[in-house]
Amino acid sequence: MPRRFEELITDAIAVESGRGTASSVAQTVISASIGLKHQAASREFYLDRLKAAIGLLVR
């Protein structure tokens, strides 16, 4: 299941940024998500922080 999730995220990122960087960006998003899950006291906090992390990656 985790591998399939990574493939889906990579495919979605590749649509916007191309295949070249999609894999490393996807792995970074997944790593950030895992870290945030351990810090988040609420779903809203998690989503806000994940949105900020993704914003940093797509600059």
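In the predicted model, the axes of α1 and α2 cross at roughly 130° and come within 8 Å of each other; an angle that is neither under 35 degrees nor over 145, and that lies outside the range of 65 to 115, counts as oblique, and α1 and α2 are therefore oblique to each other. The crossing of these two helices, α1 and α2, is right-handed. On the side of α1, the contact is formed by F5, E6, I9, T10, D11, I13, A14 and S17, while α2 contributes R19, T21, A22, S23, V25, A26, Q27 and I30. Divided by class, the residues of this contact of α1 with α2 comprise eight nonpolar, five polar and three charged.

The packing of α2 against α3 was examined in the same terms. Here the axes of α2 and α3 are 10 Å apart, and the angle between them is about 155°; since angles over 145 degrees count as roughly antiparallel, α2 and α3 are therefore roughly antiparallel to each other. The crossing in which α2 passes α3 is right-handed. The residues of α2 that take part are V25, T28, V29, A32, S33, L36, K37 and Q39, and they meet F45, Y46, R49, L50, A53, I54 and L57 of α3. In this contact of α2 with α3, ten residues are nonpolar, three are polar and two are charged.

These helix pairs belong to a chain that has three helices and zero strands, and whose elements, read along the sequence, follow the pattern α-α-α. The C-alpha trace of the chain spans about 35 × 30 × 15 Å along its principal axes.

The largest pocket of the model has a volume of about 180 Å³, and its lining consists of I9, I13, E16, S17, T21, V25, V29, I54, L57 and V58. The elements that give two or more residues to this lining are α1 (2–17), α2 (19–39) and α3 (43–57), with the largest share, four residues, coming from α1. By class, the lining of the largest pocket divides into seven nonpolar residues, two polar and one charged. Several of the lining residues, including I9, I13, S17, T21 and V25, also appear in the contact of α1 with α2; likewise, V25, V29, I54 and L57 are among the residues of the lining and take part in the contact of α2 with α3. V25 of α2 is thus found in the contact with α1, in the contact with α3 and in the lining of the largest pocket.

Definitions and conventions. Residues are numbered from 1 along each chain as its sequence is written. This is a predicted model: local features need pLDDT of at least 70, side-chain atom pairs count only at pLDDT 80 or more; totals for chains, interfaces and linings use all residues. Side-chain values use heavy atoms; hydrogens and water are left out. On a 1 Å grid over the protein atoms alone, a cavity is a set of points where a 1.4 Å probe fits but cannot get out, and a pocket is an open set with protein on both sides within 12 Å along at least five of seven lines; lining residues have an atom within 4 Å of a point. Grid points are joined across faces, edges and corners, and a volume is the space filled by probe spheres set on the points. Ala, Val, Leu, Ile, Met, Phe, Trp, Tyr, Cys and Pro count as nonpolar, Asp, Glu, Lys and Arg as charged, and the others, Gly among them, as polar. Axes are lines fitted to C-alpha atoms, for helices over the stretch in contact, and angles run from 0 to 180 degrees between N-to-C directions. A crossing is left-handed if the near helix is turned anticlockwise from the far one by less than a right angle, and right-handed if clockwise. Contact means heavy atoms within 4.5 Å.
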